Amino acid sequence: MYSILMLLGLTALLGASEGRTDCYGSVNRINTPGASCKTAKSEGLSYCGVKASEKIAERDLGAMNRYRTLIKKVGEKLCVEPAVIAGIISRESHAGKILKNGWGDNGNGFGLMQVDKKSHTPVGQWNSETHLTQGTNILIMMIKTIQGKFPRWTRDQQLKGGISAYNAGASNVRSYDKMDIGTTHDDYSNDVVARAQYYKKHGY
């Protein structure tokens with residue numbers, strides 16, 4: 001009886017340490033102006049900002065939910081917020097809705113997270129756990145590069161810098177306030193963070 005209780009206690013302890021997703025900061029602690037008017041306009045919206053990011057994320061929610069279990073599994077495995085992965089997936093591929101046979105960006109970007117074949121060798125099926133693991137590991141590599149480049153930034157700031165670098169590379173991140181200048185539509189991390197905050201409220 002005692003050994004069973006010990007085993008249960010050990011299982012509870014292991015459970016407490018497993019499934020963490022906060023190793024690289026949290027989107028809910030990041031202030032963001034949201035999508036630029038350029039991004040909003042390209043999505044057919046007449047308004048910009050966080051409201052626009054949330055509307056785009058909402059449009060992608062139905063498609064995103066098909067992958068929620070996988071996204072959460074990868075997030076917990078790699079200790080990254082699933083909401084961040086979902087935010088990137090929304091921005092990169094509208095949860096797969098704009099892909100042709102898994103490819104986007106004129107045949108250069110692969111999968112839900114649009115792994116760039118010019119910089120990486122895509123692995124797995126376009127909507128698989130293998131693909132999401134590769135994309136998330138690329139994000140982690142970018143976050144760690146930003147951590148080394150800006151050691152005095154908070155973890156949340158480094159997370160945002162890593163998200164920006166996922167789009168335009170770590171060399172493009174030169175300051176916190178202007179990190180998105182040079183990213184697609186000059187708003188990549190601001191838009192992704194706002195979308196991620198939306199997904200965080202919707203089960204990610």
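In which loop does Asn101 lie? In this predicted model, Asn101 belongs to the loop that runs between helix 5 (82–93) and strand 1. The backbone at Asn101 adopts a positive phi of about 55 degrees, although the residue is not a glycine. Asn101 has a relative accessible area of 75%; because exposed residues are those over 50%, Asn101 is classed as exposed.

A second residue invites the same kind of description. His185 is also not a glycine, and its phi is positive, at about 60 degrees. His185 is located in the loop between helix 7 (155–168) and helix 8 (188–200). With a relative accessible area of 26%, His185 is partly exposed.

The loop that holds Asn101 leads to strand 1, and from there the reader may turn to the sheet. Three strands form an open sheet in the order 1-2-3, and their pairing is antiparallel. Strand 1 (103–104) and strand 3 (115–116) are the edge strands, each of them pairing on one side only. In general, the strands of a sheet pair through backbone hydrogen bonds, in either a parallel or an antiparallel manner. Strand 2, which covers residues 109–110, pairs with strand 3 in the antiparallel sense over two bridges. Within this part of the sheet, Phe110 stands opposite Val115 of strand 3.

Attention now passes to the helices, beginning with helix 5. The axes of helix 5 and helix 8 come within 7 Å of one another and cross at roughly 125 degrees. The two helices are therefore oblique to each other, since this angle lies neither in the range of 65 to 115 degrees that counts as roughly perpendicular nor over 145, where roughly antiparallel begins. The crossing of helix 5 past helix 8 is right-handed. On the side of helix 5, the contact is made by Ala83, Val84, Ala86, Gly87, Ile88, Ser90, Arg91 and Glu92. Helix 8 contributes Tyr188, Asp191, Val192, Arg195, Ala196, Tyr199 and Lys200. By character, the residues of this contact between helix 5 and helix 8 comprise eight nonpolar, two polar and five charged.

Another pair of helices is formed by helix 4 and helix 6. Helix 4 (residues 68–78) packs with helix 6 (residues 129–149) at an angle of about 45 degrees, and their axes are 10 Å apart. Helix 4 is therefore oblique to helix 6. Here, too, the crossing is right-handed as helix 4 passes helix 6. From helix 4, the residues Leu70, Ile71, Lys73, Val74, Lys77 and Leu78 take part in the contact, where they meet Glu129, Leu132, Thr133, Thr136, Asn137 and Ile140 of helix 6. The residues of the contact of helix 4 with helix 6 divide into six nonpolar, three polar and three charged.

Within this contact, Val74 merits separate consideration. Is Val74, a residue of helix 4, buried or exposed? Its relative accessibility is 0%, and Val74 is therefore counted as buried, the limit for that class being under 20%. Leaving aside residues up to four places away in sequence, Val74 touches Ile85, Glu129, Leu132, Thr133 and Thr136. Of these, Glu129, Leu132, Thr133 and Thr136 are among the residues of helix 6 that meet helix 4. Ser171, by contrast, is separated from Val74 by 97 residues in sequence and by 27 Å in space, C-alpha to C-alpha.

Terms used:
Residues are numbered from 1 along each chain as its sequence is written. This is a predicted model: local features need pLDDT of at least 70, side-chain atom pairs count only at pLDDT 80 or more; totals for chains, interfaces and linings use all residues. Side-chain values use heavy atoms; hydrogens and water are left out. Two strands pair if DSSP finds at least two bridges between them. Helices (H or I, at least four residues) and strands (E, at least two) are DSSP runs, numbered from the N terminus. Axes are lines fitted to C-alpha atoms, for helices over the stretch in contact, and angles run from 0 to 180 degrees between N-to-C directions. Angles under 35 degrees count as roughly parallel, over 145 as roughly antiparallel, 65 to 115 as roughly perpendicular and the rest as oblique. A crossing is left-handed if the near helix is turned anticlockwise from the far one by less than a right angle, and right-handed if clockwise. Contact means heavy atoms within 4.5 Å. Ala, Val, Leu, Ile, Met, Phe, Trp, Tyr, Cys and Pro count as nonpolar, Asp, Glu, Lys and Arg as charged, and the others, Gly among them, as polar. Buried means under 20% relative accessible area, exposed over 50%, partly exposed in between (1.4 Å probe, protein chains only).
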